Every structure is written in structure tokens, then in C-alpha cells.
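Let's take a walk through this protein together, starting with the whole chain and then stopping at a couple of places worth a look.

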Amino acid sequence: MAQRHLAVLIWAATLLLKLLVPAGYMIDSDHGHITITICSGTAARTMTMEMPGMHGDMPDHGKSKDHGKAEMPCAFAGLSAAMLRSIDPVQLAALIAFILALGLIATIPPTPLGPAYLRPPCGDHQPTSDPSFHAASSGAIMNRGPRLSVEPVKGIPMLRTHFLVGAAAPCLLLAVPAVAQTHDTPDSRTDAAIVVTGQRDQLKLDNQAQASSRLGLSIRETPASVEVLTQDDLQVRGLRTARETFNDVVGAIAGNVPGNPAVVSLRGFAGNTVSILQDGVRISTSTVVQRDSNNWHYDRVEVLKGSASVLYGEGALAGVINKVTRKPVLGERHLDTLLSVGSFDTVFAAGGVNLPVSSTIAVRADASYQRSDSLYDVDNNDTFSAGLTASALWKPIDRLSLLVAVDHFEDRYDATYQGLPLIPGQYALRPTDAVTSANGLVADRALRRRNYNPQGAYSSADETTVRSRLDWSIGSGWSFALDLTGYTAKRAFLLADSQTFVAPTAAFPNGSFRQTYQDFRHDHQFWNARGVIGNDQSIAGLRNRFSLGVEHNDTDFVSLRQTAPTSALPAVDVRSPAVVPVPTGTAIFTAGNVTFDSKLKQTSVFAEDALNLTPKWLLVGGVRWDHMDLDRATIQNVGGAVDRNSPTFDPVSWRAGTTWDVTPGLTLYAQYTTAVSPVSSILLASIANSRFRLTKGRAYEAGFKASAWGGRASVTGAAYRIEQKDILTRDPANPALAVQGGRQSSQGVELSAVVSPVKALRLSGGVSYTDAQYDELSELVGGVRIDRSGNRPINVPSTTVNASALYTIADKVTAGGFLRHASAFYTETANTIRVAGHTVLDASLSVPVSRQATLTLRGRNLTDAFYGEYSGYPTTNVYIGAPRSFEVALATRF
């Protein structure tokens, strides 16, 4: 703990010194007063950034002129000036290779005596989009080594030692002053002012989103709903993690279920029906790979709503979320940092640096660190997450570029929060209407901070991705792109996965909980190769964009799954739970002790086409064929019995859509798409479920995209219907038998808008309405078949609303207000436990403290609303949203 705080203090002191005395200046003494002297021949340069509500460029901030007389430089200024030149490419290449090598050497660290935490690394942030980079990733796979035999070490995941060294290496590069290269021009000095400019096309309708097509279509040209949150948006709204980001998407809600962090509900569907990608690559089902990672590393988050199996294969029934990492920018040298402290002892530190090596090579590195006593303000729930992303871009000519990158993320949640267990109303001290149920269970606010997990239980992940992308514009309208991706991860889920309330007794006068216990592990390795050839030419005088691609990936997934009955853990008091140690040994796992060993090979062929019948009328179509070969074994760890199944699937997905530019600012669109999805996660499905065929889905959507008022107003709207059939239900003739034949559907409307009515004011918002239901579903309860047809699916509110207002005072201070609302939802298919709707209000105040730094004060959940955010397992546990909190953040740019 002391080391962590010391590291944060050193980092903050260094940042403060850099803020007060930037490169090109030095501390001096003048008549007994301490001064900061400008060293001759050295200065910062004018930088620009977009801020909401501001329009038009600020005047140029006067370039200094040569007065013809040389001045004596400050002491040691020559040492700094020497570093202004480009870095030696050979030395930098060697340094990058060293960093990558360290990150790829997998070793098992010794068991520490106590918890260890990552120190805040150095780094930078550059909020730029990179439309040329469509999908990512490169491919070496690490040696498997012993599987599931090493106990994860608290606070030090498998690659922590090398991650620390790799994170420290970019600090060596920061000796280069964060100013532009002068190229030896005498009057190229600039000052450090941040020039505020306005935003046009505020819904980014004319930008490309790699998630929605491989044809380079703009969002306006895409016949589907596409929402983009840039890094600027994330920082302005105070969205720190993946869950907070997904929760801010119009029509979506998200929660941190321990086994499925940052799980998303979108357009009436949830879980594995929403695909989550990183740089355009889908590694596996979102409920397997997604973590509540730090947002600092992403240039933008793209959300394609509606079925998208035609682009990404099985699972993309309700939509796709693509997290696009930051990439190097040629010719730019800058450093960005963010430091924040807040309630619940929460600390966040992040930085990123972009450096030009030459006119054709640039490198970038970003690092982030977050720790908290609990983001939910729950007892014994220390939270840690960190990330390091580094990449190098080589662009020898305009028509050819190569990107190589490595991403590493890790996290750990002690005594994982399972949500608030519901108890009978007569035993509640502070019963609330946040949750109501048919059998009298309520959410007791007096138990708001209680955590019933045993001491030593935790959830963690340690994952590394190596990737590369080659883009080649061949000529005559032809292009080629090649993506290679390698991924390895280890995850652990040790927790009390259910609580059963026991009425008061002499031993427990307040009542008690009996708990089951689980120990689940993932050892996950994946590689992927994708090649796409494209063409943009005219056919019979009509513009036609076409792409044809082939993709192959190989997944090796092993999961240890051990479960213990309620007898494995002692009962705990409802109001004052005793600290119970985590069980040891394997003898307790009598409820289940198996290993899932899955090997999945997938080969895909896909094509897209966009034909302009007229300059204003565009037809878009696509088709994809997947061949999926699964080899699945369930191994009984006691006795060694093996149950094996090797199914194959050959689904075909397609889409057809059109867009029409009615006027220069108004586009109408319509689309029909199909999708496929397994009955449960394909890597974790039981042997019985792996024998079922894939479910089928289809979606209809129509809408509009409009911009007006000189770009100061943008509006999009959509109406949709999604249908899924062949979900599991019960055989009417034999209710004990699970069969396919169930159906689920949703239909709804969405509206998003951004408007700047005056120079200093920006208003934005989105509203959605979803009518979702099980069209045909029955379940077996107590040996009896119960019909659930007409009920609403789990964790699906009918209405969501997002709204924000930003107002800049005197062109300096910006005040912001942010509102989120979700209507009621249910925790189970019977619809007997209802979580009430909620409204959360946040606010911020941002003040520039210098030309290179902005201080922001932010308040979250200002009304201190007590509300259910999401439900998980069991259905009688509801995740309560974080209470009122505050934070102070300092963002800098050099």
C-alpha cells in the first residue's frame, strides 16, 4: 500500500514539475526572486483540440520573429535541444523490440508475501480517429505450458514483471521534450496555448466506422444504426470503464456480473447475442472475453446496432461493439496524461505518448492504472485494473502501411461483489421499493455495503494480444488488407455464487445466508488471420465498392469448473457477516468437478458490395459462410471419465439494404439482415447443448440520418424488429426433455440528437423504446411445464434515456450535466422479481489551470439514488448502483 501511494505521489510531483517548468524553460533567480526563464531557441507549439459548444478557430497566437541577435541559452539547454531531432531509428527499433520481447516472455512469478500493485506508468493520449485502420492484429501464440496447474497470485498476474518493465520503457522516450520538430526553421516557435475550436457533424455521420462495413462506407451511407463515442466523448462524460461506456449507449444497459463483467443488454437481447470486438476482431463470445477494462486505451468505441453475423459470424444477433485502440500518428510528438482521485479511495492515472521516428515511422504507447476500495462502495472489494498498449506504424509510401501492436490488460476484484441478496420484507430494517417480488422479497438498504464472499475469493484476468495489419493500395481502385492476431488469457472466478436466506434462529437472530462456492478457471488461446481484397471502380458508369475476404481462426480453451454445495461454507449473519476464509483443497467440490476442453476451428468466406444506382441512391449487400469445427470434451476430474462431442456448423448469413439522400442533409435507409447464435456460449456449452443446432435470427430496420443548421444539429432515428427462433424450450409431450423450438423477439424505436443552439452551449441526448418478449417459451418447475410466453426477457428495460448539457462560460469554464434513465426490468423469465426504474444525475465543472492543463470536478449520482443496476446469478441478487461520489481530475497535454 505504501509503495502504491509513494508511486502515485512521485508521478504527481513529476507531472506538477513538468506543468510548471515545461521543456525549453528552466528555473532561475532574479533579484532574489525565483523565476522561470525561457531558453533561447526553444518553445512549445500551438496545439488545437475540439471542445463542445465552441465554433470557429481562434486567431493564430503570434509566432515569434528573429531579432537577428543570438542569445545565450540557459544552462544545459543544449542537452535538451540535442534531443529535439528525430530519434535514431535503429536505437528506437531496438528499444521497441526489447519492450515487445519482455511482454511476450511468459514466466510464473514467485508467490509474494503480500499484495503487489502496478505503479502508474508514463504515457500519453491523442484523441484522433484512424479511418484507414479497419481491423487489427497479429499473430504469435504463446506456448501453452502446464494448464490450470498454477494458483493465480494475488495482485501479480502471470506477466506482471514484464508488464512493469515494458510500461517503464516508454519513460525512456519521454526524455525527448514534448514539442514539435523545428526542422531548423528560425521562426517556427510556437506558444503552449490550447486553441479551442467548434465541432461540426456532431454525430459523426460523415466519418467511417470500421465496425459497420469493410467497404469504407461513412455512417451516413451505412443502412443501419451506428453510434460512435470518441475518446473526447468518454473524458467529457467521465466514462472510465467499459461498463460505464456501454451504459451510455442509447438503448443499452450494462452490469458487472462477476462471471460476465461489462455484460450488455441491447435491443431486447443480452449476453452472447451482443458481440464485442477489439480493432475489428472477435476473439470469442462477449460473455467469455469481455472485462471492465480502462477506457484510456481507446480512440473510440463504435456500436453497430442490429444483426451483424454477415460481418462477424455467430453471436452478433443484437449488435456489435468495437473498441478501437489508439494508433500512432506520423509527424506528431505529444504527451497526454490524466490523474484523478475520488470517493471510495479511487485513484486513476494514465498517460500516452506519440513519437515520430522519421517521416515514415511513428510509435505510440499508452498505460493506465486504476485502484479503488470498491467502485460500488462495497465492503472488502478492492479493485485493480491496468493496461499497456504499444504500437508502431511504418508507412514508406502513401499506398502502403504496416502496423504492429501489443496490448496487455489485467484486473482483479477481491471478494467479488455478487449483488445485494433479496430478503423477506418482514426481516428488512430499511425495506425499499427498488425491488419488488411476488413472494415478498425486498432490497434492504441497510445491507447496501455488505459483501458475503469469503476472504480470499476473487475474480481476475490477465490477457495479452499481439497483432499486425498491412494495408496496400494496389492501384486502379484495388486494395488489399491483411490482419494477424494472437491472443492469450488466463481468468479466475473464485466466489460464493449464490446466497440462500435462512430465517432467524438462536444462533443468527437477524437471519443468515447459506452459500454455495465455485472455483472456475479459463486458459484461453486464440489466433486469427484475415485477408480482404477490395475494389472501388465504376461499372457501366455507376460507382461500385466491393470486397471479398477469407478468415481463419483457431481457439484452444480449457476451463476448470469446480462447485461446492452450501455445506462447504459456514452460515453467515445477514447484518454482520463474519470474515470466512476461502475453502481449500478439492474434496469440497462434490456438486461438480469437471474440466471443459474445447478446440474450435473456424473458416469463413465473406463478400460485400455497395452500388450507387445514382449519386444519391446506394444499394448495399453482403453474404458470409462459416465453417465451424468444434471438438469438445468434458473430463471428470475425479475418476477421469470423458464425454466428447465434435459437432460442425455451416451457417450462411446475409444482408441487403439501401440508403437514399433525399436532400443534402437528410438520408433515409432500410435494411434486412440475418444472424446465427448458439443456444449458449459455444466454448462453455454443456455436451448436451453442444449437440443443438445454431439458433437463427433476422432483423428489419428503417430510419433516417440528418444534419442541419450548418452542422450544428444532427439527428438520427430508427425503427426495428429482431426475431430469434430455435431457442431452448420444453417438449410439450415430455416436459423433462429440452428441445429447440422456442422464439424470442423485440421491436422498438430509437432517437439520438446533438445540437448547439448558441456558440457556448451543446445539448445531446438519446431515447429508446423496446417491446421485447418470449414469443414461445416454457420451463420445467418442480417437474411441471410452465408457459413463459409473453413475458419480458431478463435485464431488458422498455425505455432508456440519456441526456447531457455542456455550457462554456467566458470561453474558459465548462459546466456539464448528465442524466441517465432506465425503466423497470425483471431478473428472471417468470417476471416475478421486478427491479424498479431509476434516474441518475451527474455533473462536472472544468476549469483550465494553464494552457496545458484542465482541472475537472465531477459528481456522480448526485441525488444518491438507491437503485438496481443489473441482475445476475442467482436471480434473487441485484447489483445496486454506486452511491453518490465525487472526484477531481487533472488532464494535461504537452
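In this predicted model, contacts across long stretches of sequence are the rule: of the contacts in the chain with a separation of 6 or more, 71% join residues 24 or more positions apart. The chain contains 47 strands along with nine helices. Of its 894 residues, 56% are buried. The accessible surface comes to about 35000 Å², and carbon and sulfur atoms hold 61% of that area.

For a close-up of contacts between distant parts of the sequence, go to S804, which lies in strand 39, spanning residues 799-809. Is S804 buried or exposed? S804 counts as buried because its relative accessibility is 12%, and the cut-off for buried is under 20%. Leaving aside residues up to four places away in sequence, S804 touches R762, L763, S764, G817 and F818. One of these, L763, is 41 residues away along the chain, yet the two C-alpha atoms are separated by 5.9 Å. With S764, the link is a polar contact between the two side chains, at 2.5 Å.

Now turn to the surface, where a nonpolar patch of about 1000 Å² includes the tryptophans W472, W478, W625 and W654. Which strands each supply at least two residues of the nonpolar patch? They are strand 22 (458-475), strand 25 (542-564), strand 28 (617-636) and strand 31 (652-663). Strand 25 gives the largest share, three residues. V550 belongs to the patch and sits in strand 25. With a relative accessible area of 47%, V550 is partly exposed.

Definitions and conventions: Residues are numbered from 1 along each chain as its sequence is written. This is a predicted model: local features need pLDDT of at least 70, side-chain atom pairs count only at pLDDT 80 or more; totals for chains, interfaces and linings use all residues. Side-chain values use heavy atoms; hydrogens and water are left out. Helices (H or I, at least four residues) and strands (E, at least two) are DSSP runs, numbered from the N terminus. Buried means under 20% relative accessible area, exposed over 50%, partly exposed in between (1.4 Å probe, protein chains only). Contact means heavy atoms within 4.5 Å. A polar contact is a pair of N or O atoms within 3.5 Å; within protein, one must be able to donate a hydrogen and the other to accept it, and residues adjacent in sequence count only if both atoms are side-chain atoms. Accessible areas come from the Shrake-Rupley method with a 1.4 Å probe; for residues, only the protein chains shown count as cover. Patches are made of residues with over 30% relative accessible area and no salt bridge: like charges are joined within 9 Å, nonpolar side chains (Val, Leu, Ile, Met, Phe, Trp, Tyr) within 5 Å. A salt bridge is a side-chain nitrogen of Lys or Arg within 4 Å of a carboxyl oxygen of Asp or Glu.
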